[in-house]
Amino acid sequence: MRSLSLPVRTARLTLREFLGSDLESVMAYSGDARVTRYLFFGPRDEQASLDHLNGILDSQTERPRTRYELAVEHTDTGRIIGACDLSMIERDVLDLGYMLEHGSWGQGYATEIALALIDAAFFDLGAERVISTVDIHNQASIRVLEKAGLQWEATFRKARRAKSRWWDCHLYVIARTVWEAQRRRP
Ligand SMILES: CC(C)(COP(=O)(O)OP(=O)(O)OC[C@H]1O[C@@H](n2cnc3c(N)ncnc32)[C@H](O)[C@@H]1OP(=O)(O)O)[C@@H](O)C(=O)NCCC(=O)NCCS
């Protein structure tokens, strides 16, 4: 069974396993309504953050492991600035996600994370496709997916009902063949 080689390091960030001691950081970003505006959950209060963190810690020991939800740590400062994840939704298909504290937006971090996790999904986990679904109004995330090489594949109207409304979502995808071709490009 393949596994993700951790931590994943980028130029500025360390994507590492969550620890039980990370609760305050989890509350800080996922308790912020600006951060969860386009997410199906949240904002999370202390109890919801604790439940979520415990779920992540449980998932770390699952075998086979189907979910890697990782803390995004700024390498220089050691601060947690958000979370990212790769989750297996079908054999060889991984779903990519990320969220950052509001103060860290607009500095290219999410693109750095997405590129690193896509490489890890294809290299370490042997994925054939990496996908991501995004609310059609979430322009920043759509831009991140495009910068990371994913392509629009479909739009689902009323894809999900959450937080008392229906959500229209785009599906973005990168296939292994496309990723390999992008890597060969000078
Ligand atoms: C989405 C999110 C992760 C982006 O993080 P980030 O580190 O700011 O992203 P980057 O800096 O790598 O890139 C953002 C891009 O979106 C663009 N952008 C930001 N807001 C935008 C808007 N309202 N309209 C159009 N483009 C926008 C930026 O200009 C940048 O593109 P550029 O490099 O071409 O200028 C961050 O906003 C976030 O955490 N949002 C809340 C959680 C969330 O929505 N997660 C995604 C769920 S699918």
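In the hairpin of β7 and β8, two residues sit between the strands, and Lys163 takes a positive phi near 50°. Helices here are DSSP runs of H or I with at least four residues, strands are runs of E with at least two, and both are numbered from the N terminus. This is a predicted model, where local features need pLDDT of at least 70, side-chain atom pairs count only at pLDDT 80 or more, and totals for chains, interfaces and linings use all residues. Residues are numbered from 1 along each chain as its sequence is written.

**Backbone oddities**

Let's stay with that hairpin for a moment. Ser164 lies in the loop between β7 and β8, and its phi is near 65°, positive although the residue isn't glycine. Ser164 is exposed, with 5 other C-beta atoms within 10 Å. For that label, C-beta atoms are placed from the backbone and the others within 10 Å are tallied: 20 or more means buried, 12 or fewer means exposed, and in between means partly exposed. Lys158, in strand β7, also has a positive phi, and with 10 C-beta neighbours inside 10 Å it counts as exposed. As background, most residues other than glycine have a negative phi, and most peptide bonds are trans.

Here are the backbone angles side by side:

| Site | Place | Angle |
|---|---|---|
| Leu6 to Pro7 | Pro7 in the segment before β1 | omega near -5°, cis |
| Gly42 to Pro43 | Pro43 in the loop between α2 (33–36) and α3 | omega near 0°, cis |
| Gly149 | just after α5 | phi about 100° |
| Lys158 | strand β7 | phi near 50° |
| Ser164 | loop between β7 and β8 | phi near 65° |

**The sheet**

The strands build an open sheet of eight, in the order β1-β2-β3-β4-β5-β6-β8-β7, with mixed pairing. Why do β1 and β7 each have one side without a neighbour in the sheet? Both β1 (8–9) and β7 (151–162) stand at the edges with a single partner strand each, so one side of each stays free of a neighbour there. Pairing here means that DSSP finds at least two bridges between two strands.

β7 pairs with β8 in the antiparallel sense over eight bridges, and Arg161 stands opposite Trp166 in β8. β8 also runs antiparallel to β6, joined by seven bridges; Thr133 has Leu171 of β8 as its bridge partner. Strand β4 (residues 80–90) and strand β5 (residues 93–100) are antiparallel too, over eight bridges, with Met88 opposite Leu94 in β5.

**Helix α5 and the ligand**

Which residues of α5 are buried? In this helix (residues 139–147) they are Ser141, Val144 and Leu145. They span an arc of only 95° around the axis, which puts them on the same side of α5; the arc is taken from the directions from the helix axis to the C-beta atoms. Those buried residues pack against α4 (109–123), β6 (129–135) and β8 (165–175), where contact means C-beta atoms, placed from the backbone, within 7 Å. The face of α5 turned away from its buried side carries the exposed residues Gln139, Ala140 and Arg143.

Those exposed residues turn up again at the ligand. Of the 21 residues around the ligand, Ala110, Thr111, Gln139, Ala140 and Arg143 come nearest; a residue is near if its C-beta atom, placed from the backbone, lies within 6 Å. β5, α4 and α5 each supply at least two residues of this shell, and the largest share, five residues, comes from α5. By type, the shell splits into twelve nonpolar, eight polar and one charged. In that tally Ala, Val, Leu, Ile, Met, Phe, Trp, Tyr, Cys and Pro are nonpolar, Asp, Glu, Lys and Arg are charged, and the others, Gly among them, are polar.

**The core, and one histidine**

The largest nonpolar core has 44 residues, and those with the most contacts inside it are Val72, Ile113, Ala114, Leu117, Ile118 and Ala121. The largest share of this core, nine residues, comes from α4. A core in this sense is a set of buried Ala, Val, Leu, Ile, Met, Phe, Trp, Tyr and Cys residues joined through C-beta atoms within 7 Å. Not counting residues up to four places away in sequence, the contacts of Val72 include Leu13, Ile80, Leu100 and Ile113.

His52 is found in helix α3 (residues 46–59). Is His52 buried or exposed? It's buried, with 20 other C-beta atoms within 10 Å. Leaving aside neighbours within four places in sequence, His52 is in contact with Val26 and Arg44.

Notes: Contact = placed C-beta atoms within 7 Å.
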